[in-house]
2 protein chains.
Amino acid sequence: MGLTKTEKFTDLQNQIADFAKVFGHPARVAILEHLFQLNSCVCGDLVKEIGLAQPTISQHLKELKKLNLIKGNISGTSVCYCINSEKWTSMKTVMEQFLNQDLKNLNCC
Amino acid sequence: MGLTKTEKFTDLQNQIADFAKVFGHPARVAILEHLFQLNSCVCGDLVKEIGLAQPTISQHLKELKKLNLIKGNISGTSVCYCINSEKWTSMKTVMEQFLNQDLKNLNCC
DNA sequence: TTACTATATTGCAATATTACGATTAATAAA
DNA sequence: TTTATTAATCGTAATATTGCAATATAGTAA
């Protein structure tokens, strides 16, 4: 049916999946890496940088904004984007807890 | 067009996106958590545990196997699944490098 | 052999995602 | 005001994902 049955899972499981989903496209990974590399707001040049059409980039930015991972400040005709540090940190806590599950006691057949 | 333009991105960006994508569904998160919690192979009871139909679970397992994050050992009529520790560890390295980007120097407008 | 059990595969319907041209909205500059 | 610039939104086509019923496959047990 193409519709995820979120009600079958815990809030945390859905939250992990939501964060992971937004990282599940290389354009969004590239956008985030670019924002980190510049250490400041990025005003405008994302379209040139990433190499996809302007509406496509805008759509990817929208998904990152939806999860609050980035902030956009209007500055004249352009919009300046940057990482939302607080949200990034709390997201990282959730994701790392998932990634850091204990491997030591695993005994498989 | 519904087709990700992977050629526009680096191998690492695509790799991060591929790992993230597989974690981007709560059923797969739940399956992995279950495998970790039991600390051993899981033979059979995943369908009951997760609460989706058998073909649906089988499909999710297939995607986890495709990325080598789990191993499946045939044992009679059932198949025993467990985390692939080596792959999990290398995946974690990639993902944590992405998550742990430096937030200190970020100065936004 | 036949019957049973467990998992995989197939086929399909419903929904989601990706990408972009065209348009719109909002501000800046002339 | 007019024109240019920038980003968001709309509309749409192509493809991907999710979920499951039906079926196939493979092993076990009688």
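What percentage of the 109 residues in chain A do buried residues make up? I looked this up before anything else, and the answer is 46%. A reminder to myself: this is a predicted model.

**Entry: the outline of chain A**

I went through the secondary structure next and found five helices and three strands in chain A. In sequence order they run α-α-β-α-α-β-β-α. Chain A is more spread out than a compact globule, because its radius of gyration is 17 Å, well over the 13 Å that the globule rule gives for 109 residues. I also noted the span of the C-alpha trace along the principal axes, about 60 × 35 × 25 Å.

**Entry: contacts, surface and charge**

I looked at contacts in chain A with a separation of 6 or more, and 51% of them come from residues 24 or more positions apart. For the surface, I wrote down that chain A exposes about 5900 Å², with carbon and sulfur atoms supplying 49% of that area. Chain A carries 12 positive and 10 negative charges, and the mean positions of the two sets are 5 Å apart.

**Entry: salt bridges**

How many salt bridges does the structure hold over all chains? I found two. In one of them, Glu63(A) meets Arg28(A) at 3.2 Å, N to O. Glu63(A) sits in helix 4 (residues 54-66) and Arg28(A) in helix 2 of chain A, so this pair ties together parts that are 35 residues apart in sequence. I checked the cover of each partner: Arg28(A) is buried, at 7% relative accessible area, while Glu63(A) is partly exposed, at 29%.

Then I turned to chain B, where the side chains of Arg28(B) and Glu63(B) meet in a salt bridge, also listed at 3.2 Å, N to O. This pair links helix 2 and helix 4 (residues 54-66) of chain B. Arg28(B) is buried at 7%, and Glu63(B) is partly exposed at 29%.

**Entry: a buried glutamate**

Glu33(A) caught my eye in helix 2 (residues 26-38) of chain A. Glu33(A) is buried but has no salt bridge. Which side chain of opposite charge is nearest to Glu33(A)? I found Arg28(A), 13 Å away. Leaving aside neighbours within four places in sequence, Glu33(A) is in contact with Gln13(B), Ile16(B), Phe98(B) and Gln101(B).

**Entry: a histidine in a loop**

Last, I visited His25(B), in the loop between helix 1 (11-22) and helix 2 (26-38) of chain B. Is His25(B) buried or exposed? His25(B) counts as buried because its relative accessibility is 13%, under the 20% cut-off. Not counting residues up to four places away in sequence, His25(B) touches Thr4(A), Ala17(A) and His60(B).

Methods:
Residues are numbered from 1 along each chain as its sequence is written. Chains are lettered from A and ligands numbered from 1 in the order in which they are written. This is a predicted model: local features need pLDDT of at least 70, side-chain atom pairs count only at pLDDT 80 or more; totals for chains, interfaces and linings use all residues. Side-chain values use heavy atoms; hydrogens and water are left out. Helices (H or I, at least four residues) and strands (E, at least two) are DSSP runs, numbered from the N terminus. The radius of gyration is taken over C-alpha atoms; the globule rule is 2.2 Å times the number of residues to the power 0.38. Buried means under 20% relative accessible area, exposed over 50%, partly exposed in between (1.4 Å probe, protein chains only). Contact means heavy atoms within 4.5 Å. Accessible areas come from the Shrake-Rupley method with a 1.4 Å probe; for residues, only the protein chains shown count as cover. Lys and Arg count as positive and Asp and Glu as negative; His and the chain ends are not counted. The place of a charge is taken as NZ of Lys, CZ of Arg, CG of Asp or CD of Glu. A salt bridge is a side-chain nitrogen of Lys or Arg within 4 Å of a carboxyl oxygen of Asp or Glu.
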